[in-house]
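Q: I have a structure open and would like to learn how to read it. Could we walk through a few features together?

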Amino acid sequence: NMTPTFDHLLLTQPQDNIWLITIDRPKALNALNSALLMSLNQAFQWLDSLPSTKVIMLTGSGDKAFVAGADVAAMQSMTALEARDFSSLGMALMQQIESCSAPVIALVNGFCLGGGCELALSCDYILASENAVFGQPEVSLGITPGFGGTQRLARSIGKGNAMHWILTGDRISAQNALKLNVCNQIFSPAELLKGGLVQADKIARNSPCAVRFAKQLIHQGLNMSLQDGCQLETERFALSFTTQDQTEGMAAFLERRPARFSNQ
Ligand code: CO8
């Protein structure tokens, strides 16, 4: 087994080309400290460096929490400078996940608060269990969100909803998160992983090149004007016609057979 080990993480392969990262710090409800943020960054980097990685799923160990936030005990005595470094470390992880070429699906299996909610929001999309609890309680601790919550949440659910979540610190049920499209679907806790795998498997059967291009276009487009985003799409669309996946995908369709895409 060539899988390296990462502190506080379990890496498993529930299926060929599909990886599951389980955040495993159950005694602190998987709270994020610096070591865990660095481990996550390294794990995503390593998985993305494998040409065979087609989808990555991210979840929390145990049945109680995805991630209950940044580690409050570790933050308690931080100076402003240390807090800035800690925030930058988290921000780098969120960007690493967004720029990871393989799609990343968050499987939110319980408390998903503060830094945990920000982590889930940086994944490509979120599937939740019925007992998932979302929220940004930072202001109750005398701080603001620090891993991109004010930015990604407002872009995701709009200004008014983001204001409500972040200013009240309310706990938001899976059903309410679904209504706001924060999560795409809800499963029973026992079915969450299976539900994630069904979707990961569908993604993994599609052209890896096209999937990667599409993910990049969506992320890059969110930071651009509509016109620039559409221009980028035209260029990436044209580029996809230089790939073997386009040759194979279209031939397979016209020959009425399943496509056999490369791993790249
Ligand atoms: N940090 C550290 N430890 C935690 C955290 C956390 N965020 N959450 C839970 N734990 C620990 C508890 O201290 C407890 O440890 P112990 O058994 O040693 O006492 C253990 O996990 C179990 O937790 P509880 O006993 O509290 O379990 P309950 O079922 O009673 O409650 C809750 C579960 C509701 C999730 C509760 O634990 C809670 O409110 N946790 C904190 C939630 C929170 O406020 N999260 C936001 C933190 S702030 C943040 O994330 C900022 C992100 C940006 C950082 C920017 C950096 C500058």
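The dialogue below takes up the ligand site, two sets of strands and two buried residues of this predicted model.

Q: Happy to start with the ligand. How many residues surround the ligand, and which are the closest?

A: A good habit is to begin with the shell. Here 24 residues surround the ligand, and the closest are Lys64, Ala68, Ala70, Val72 and Gly115. By class, that shell holds 14 nonpolar, four polar and six charged residues.

Q: Which elements each supply at least two residues of the shell?

A: Those are the helices α2 (72-75), α3 (80-99) and α4 (115-122), together with strand β6 (111-113). Keep β6 in mind, as we will meet it again in a sheet.

Q: And the polar backbone atoms: what distances separate them from the ligand at glycine 115, alanine 68 and lysine 27?

A: Let's take them in turn. A polar backbone atom of glycine 115 is 2.8 Å from an oxygen atom of the ligand. At alanine 68, a backbone N or O atom lies 2.9 Å from a nitrogen atom of the ligand. For lysine 27, a polar backbone atom is 3.3 Å from an oxygen atom of the ligand. As for cover, the ligand on its own has 1100 Å² of accessible area, and the protein covers 64% of that.

Q: Now to strands. Where do side chains point in a regular strand?

A: The general idea is that side chains in a regular strand alternate between the two faces of the sheet. With that in hand, look at β7. Tyr125, Leu127 and Ser129 lie on one side, Ile126 and Ala128 lie on the other, and all of them are buried, which leaves both faces covered.

Q: Why is β7 described as largely enclosed by the rest of the structure?

A: Count the buried residues, taking buried as under 20% relative accessible area. Five of the five residues in β7 (residues 125-129) are buried, so the strand is largely enclosed by the rest of the structure.

Q: Which strands pair with β7?

A: Strand β5 (residues 104-108) pairs with β7 in the parallel sense over four bridges, and isoleucine 105 stands opposite tyrosine 125. Strand β10 (residues 185-187) also pairs with β7 in the parallel sense, over three bridges. There, serine 129 stands opposite phenylalanine 187.

Q: In what order do the four strands of the open sheet come?

A: To read a sheet, follow the partners from one edge to the other. The order is β4-β6-β8-β9, and the pairing is mixed. At the edges stand β4 (65-67) and β9 (172-173), each with a single partner strand, so one side of each has no neighbour in the sheet. Inside the order, β6 pairs with β8 (residues 133-135) in the parallel sense over three bridges, and cysteine 112 has phenylalanine 134 in β8 as its bridge partner.

Q: Let's finish with single residues. Is lysine 215 buried or exposed?

A: Lysine 215 is buried, at a relative accessible area of 7%. Its place is in helix α9 (residues 208-222). Beyond residues up to four places away in sequence, lysine 215 touches Ile97, Glu98, Cys100, Ser101, Ala102, Pro103, Val104 and Asp124.

Q: What is the relative accessibility of isoleucine 23?

A: Isoleucine 23, in strand β2 (residues 18-23), has 0% relative accessibility and counts as buried. Leaving aside neighbours within four places in sequence, its contacts include His8, Leu36, Leu58, Val67 and Leu119.

Terms used. Residues numbered from 1 in each chain as written. Predicted model: local features only at pLDDT ≥ 70, side-chain atom pairs only at ≥ 80, totals over all residues. Heavy atoms only, no water. Near = heavy atom within 4 Å. Polar contact = N/O pair within 3.5 Å; in protein donor to acceptor, adjacent residues only side chain to side chain. Areas by Shrake-Rupley, 256 points an atom, 1.4 Å probe, with all protein chains shown as cover. Nonpolar A, V, L, I, M, F, W, Y, C, P; charged D, E, K, R; others polar. Buried < 20%, exposed > 50% of the residue type's maximum accessible area, 1.4 Å probe, protein only. Pairing = 2+ DSSP bridges. Contact = heavy atoms within 4.5 Å.
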